[in-house]
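Subject: Structure handover

Hello,

Here is the structure I said I would pass on. My notes follow below it.

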Number of protein chains: 2
Amino acid sequence: MATLSLPSKPLLRALVGETLMRPPWWLMRQAGRYLPEYRAVRATAGDFVTLCLTPDLAAEVTLQPVRRFGMDAAILFSDILLVPRALGQKLSFENDGPKLEPVSSVADLGPIDVAMLAPVGEAVRRVCRELPEQTALIGFAGAPWTVATYMVEGGTSRDFHKTKRLAYGDPARFGALIEQITTVTFDFLKLQIEAGVEVVQLFDSWAGALSPEGFDRWVIEPTKRLVAALRERFPGLPIIGFPRGAGLLYPRYARETGVDAVGLDTSVPADIGREHLQRQVTVQGNFDPVLLLVGGDPMRRTVNVLRRTLGNGPYIFNLGHGVLPETPPEHVAALAKLLNEPLNA
Amino acid sequence: MATLSLPSKPLLRALVGETLMRPPWWLMRQAGRYLPEYRAVRATAGDFVTLCLTPDLAAEVTLQPVRRFGMDAAILFSDILLVPRALGQKLSFENDGPKLEPVSSVADLGPIDVAMLAPVGEAVRRVCRELPEQTALIGFAGAPWTVATYMVEGGTSRDFHKTKRLAYGDPARFGALIEQITTVTFDFLKLQIEAGVEVVQLFDSWAGALSPEGFDRWVIEPTKRLVAALRERFPGLPIIGFPRGAGLLYPRYARETGVDAVGLDTSVPADIGREHLQRQVTVQGNFDPVLLLVGGDPMRRTVNVLRRTLGNGPYIFNLGHGVLPETPPEHVAALAKLLNEPLNA
């Protein structure tokens with residue numbers, strides 16, 4: 001007889017749709033430059049890619065914020081651009097962000113080299129050994145659209161004109177590129193899951209750049225295929241989608257992609273999240289990182305608004321964007337304290 | 001007995017809520033670098049501020065696209081940053097955009113100098129003399145929030161952290177700055193209206209950067225006060241609001257600010273615009289400028305989608321963002337032709 005095993009870690013409980021008295025929490029970019037212990041490791045690693053691909057160091061920085069603040073989840077320290085690298089694209093990080101040699105089709109890429117991603121699996125195994133019992137480990141990848149923008153633009157961009165021009169003007173060619181990215185992204189996530197991550201998050205940071213038709217075709221469709229492939233191979237593994245900037249298309253994303261949870265960016269009103277998203281999926285977010293920078297009363301007030309509205313359903317407290325490097329660690333400690341108190345204290 | 005005078009210009013008819021067989025159209029940044037005749041004038045003017053403040057030149061570039069393509073509206077060639085300039089802030093334009101000396105409170109500003117804006121009124125009068133009879137003239141200003149971001153950041157920004165930090169952390173100080181901007185913005189629009197513009201548009205290009213509470217306080221509230229002041233002084237003058245990136249907050253903006261029309265950015269789905277906005281206000285937008293760059297079938301298909309959905313109510317065809325400098329003028333000519341044909345031809 002099969003035993004129905006319900007998860008006990010708070011993050012996993014929220015992801016199967018449970019409403020918790022105290023919502024579980026973690027923060028995007030919780031491992032990062034705002035922590036002095038991170039900066040120390042970063043200085044020894046040299047470049048950023050080396051940090052991601054040295055299992056001991058990646059595991060160490062993954063664990064640092066959990067040790068300090070006791071979040072309900074660690075998120076693997078890694079980078080979404082390891083996927084283009086495994087597709088043969090040169091990658092480096094300069095002061096103003098990532099740099100890649102721009103491509104415009106699969107023909108510009110080398111053969112897929114999944115072995116390049118192997119150190120990430122090793123980092124996951126090391127994190128698992130040291131993670132507190134009630135803390136979940138999240139793996140992640142960029143969603144295909146967002147990864148494609150970096151590959152086509154050669155880095156970040158304000159408006160993604162090159163990528164959009166290719167997507168709108170030559171959808172067959174762009175579709176083949178998206179397909180190739182999706183294949184490697186599946187491999188990247190498979191490797192993380194097999195090594196021990198319990199949840200995956202798909203970052204679609206530039207989902208808001210597209211027209212609605214483009215969003216359907218290049219955000220929803222590839223995400224749906226990726227989610228279906230993961231479901232087939234890893235039934236029951238929770239998937240969080242974060243289509244940043246999706247705006248009025250958030251409900252469509254929640255309805256159609258098949259994800260278990262949707263990450264809300266800073267602009268989504270809590271009441272609309274509750275009415276139009278939380279009936280469908282677990283929601284995660286969306287505290288403004290600038291409020292974490294500000295701290296004090298403005299922080300407390302907004303945290304309470306979120307807990308009073310979204311906290312009445314399946315909810316994971318998080319930011320709506322990553323922790324800012326200038327954030328005082330004491331503000332994160334104050335946030336942790338707030339989130340551990342009962343709501344009406 | 002008072003005579004009820006209904007407008008005859010197509011743009012004005014759409015703005016009082018009429019559904020037209022052929023929706024009126026214009027394009028954000030229709031006067032600009034994609035036109036060789038603009039580049040010629042720009043070269044003689046020297047710097048960008050001089051171009052805006054030389055009535056003959058500003059009038060000439062305002063009229064150029066209307067002569068070539070016959071849009072239903074001209075939009076005054078000017079800049080939203082003339083307002084900070086009239087507030088005593090130094091302004092220059094470099095290759096990567098506008099530069100200002102950052103401020104963080106009203107105390108950092110000089111006395112208001114509305115006389116600095118006078119050449120804009122003269123440009124309006126010159127445009128009016130030459131405008132075709134059925135073409136409307138639109139004036140504009142930045143909405144207070146967006147103007148404030150430039151003033152506080154000292155130019156454009158990716159994330160507006162300085163401005164948001166000030167707004168969230170010291171709302172009294174930021175509120176006084178917004179108040180001062182609102183005063184001069186009213187003067188700027190008054191001057192344009194008294195000189196002959198028939199419609200005004202408020203550009204809130206960075207409305208999407210705020211948290212929902214910030215949006216209510218710094219986008220909706222100041223816009224509502226500005227709209228109320230304009231209504232009192234110029235009853236019947238149509239006002240278009242463009243809260244770019246408002247996402248799920250678009251309906252709240254349409255409901256609460258009092259504008260007659262709402263500009264939709266490229267991400268808003270036409271069906272949601274029809275269901276949730278067009279019952280309240282005239283809608284304007286939201287063709288993706290990258291599709292205008294691509295032209296051909298992808299352009300035609302999306303134009304038809306917009307006309308079939310939004311065209312069944314009060315609608316002004318426009319882009320969801322400005323014309324891109326690399327746009328071939330022939331694509332704009334093809335668009336003009338498309339928009340002049342009956343829909344099912």
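Which elements of chain B do the buried residues of helix 6 of chain B pack against? Please bear in mind throughout that this is a predicted model. The partners are helix 4 (55–69), strand 1 (73–75), helix 5 (82–86), strand 4 (136–142) and helix 9 (171–195), each in chain B. Helix 6 of chain B runs over residues 118–130, and its buried residues are V120(B), A123(B), V124(B) and V127(B). Looking down the axis of helix 6 of chain B, these buried residues fall within an arc of 105 degrees, so they line one face of the helix.

On confidence, the predictor assigns the complex an ipTM of 0.94 and a pTM of 0.96. Chain A has a mean pLDDT of 96, with 98% of its residues at 70 or more. The usual caution still holds: where pLDDT is low, the predicted coordinates should not be read in detail.

Next, the fold of chain A. Its secondary structure consists of 15 helices and 9 strands. The C-alpha trace of chain A spans about 60 × 55 × 45 Å along its principal axes. A compact globule of 345 residues would have a radius of gyration near 20 Å, and the 19 Å of chain A agrees with that. Of the 345 residues in chain A, 52% are buried. Among contacts in chain A with a separation of 6 or more, 73% join residues 24 or more positions apart.

The two chains are related as follows. Chain B superposes on chain A, with an RMSD of 0.0 Å, after a rotation of 180 degrees and a shift of 0.0 Å along the axis. This is the relation of a two-fold axis. In chain B, the C-alpha of G247(B) is the nearest to the axis, 1.9 Å from it. Both copies use the same surface, as 100% of the contact residues of chain B recur in chain A.

As for the contact itself, chain B and chain A contribute 28 residues each. On the side of chain B that touches chain A, at least two residues come from each of helix 8 (161–169), helix 10 (212–233), helix 12 (270–276), helix 13 (289–294) and helix 14 (296–309) of chain B. Helix 8 of chain B provides the largest share of that side, with 5 residues. By class, the side of chain B that touches chain A comprises 16 nonpolar, 8 polar and 4 charged residues.

Regards

Methods. Residues are numbered from 1 along each chain as its sequence is written. Chains are lettered from A and ligands numbered from 1 in the order in which they are written. This is a predicted model: local features need pLDDT of at least 70, side-chain atom pairs count only at pLDDT 80 or more; totals for chains, interfaces and linings use all residues. Two residues are in contact if their C-beta atoms, placed from the backbone, lie within 7 Å. Helices (H or I, at least four residues) and strands (E, at least two) are DSSP runs, numbered from the N terminus. Ala, Val, Leu, Ile, Met, Phe, Trp, Tyr, Cys and Pro count as nonpolar, Asp, Glu, Lys and Arg as charged, and the others, Gly among them, as polar. pLDDT is the predictor's confidence in each residue, from 0 to 100. A residue is buried if 20 or more other C-beta atoms lie within 10 Å of its own, exposed if 12 or fewer, and partly exposed in between; C-beta atoms are placed from the backbone. The arc is that of the directions from the helix axis to the C-beta atoms. Copies are superposed by least squares on the C-alpha atoms of residues with pLDDT of at least 70 in both. The radius of gyration is taken over C-alpha atoms; the globule rule is 2.2 Å times the number of residues to the power 0.38.
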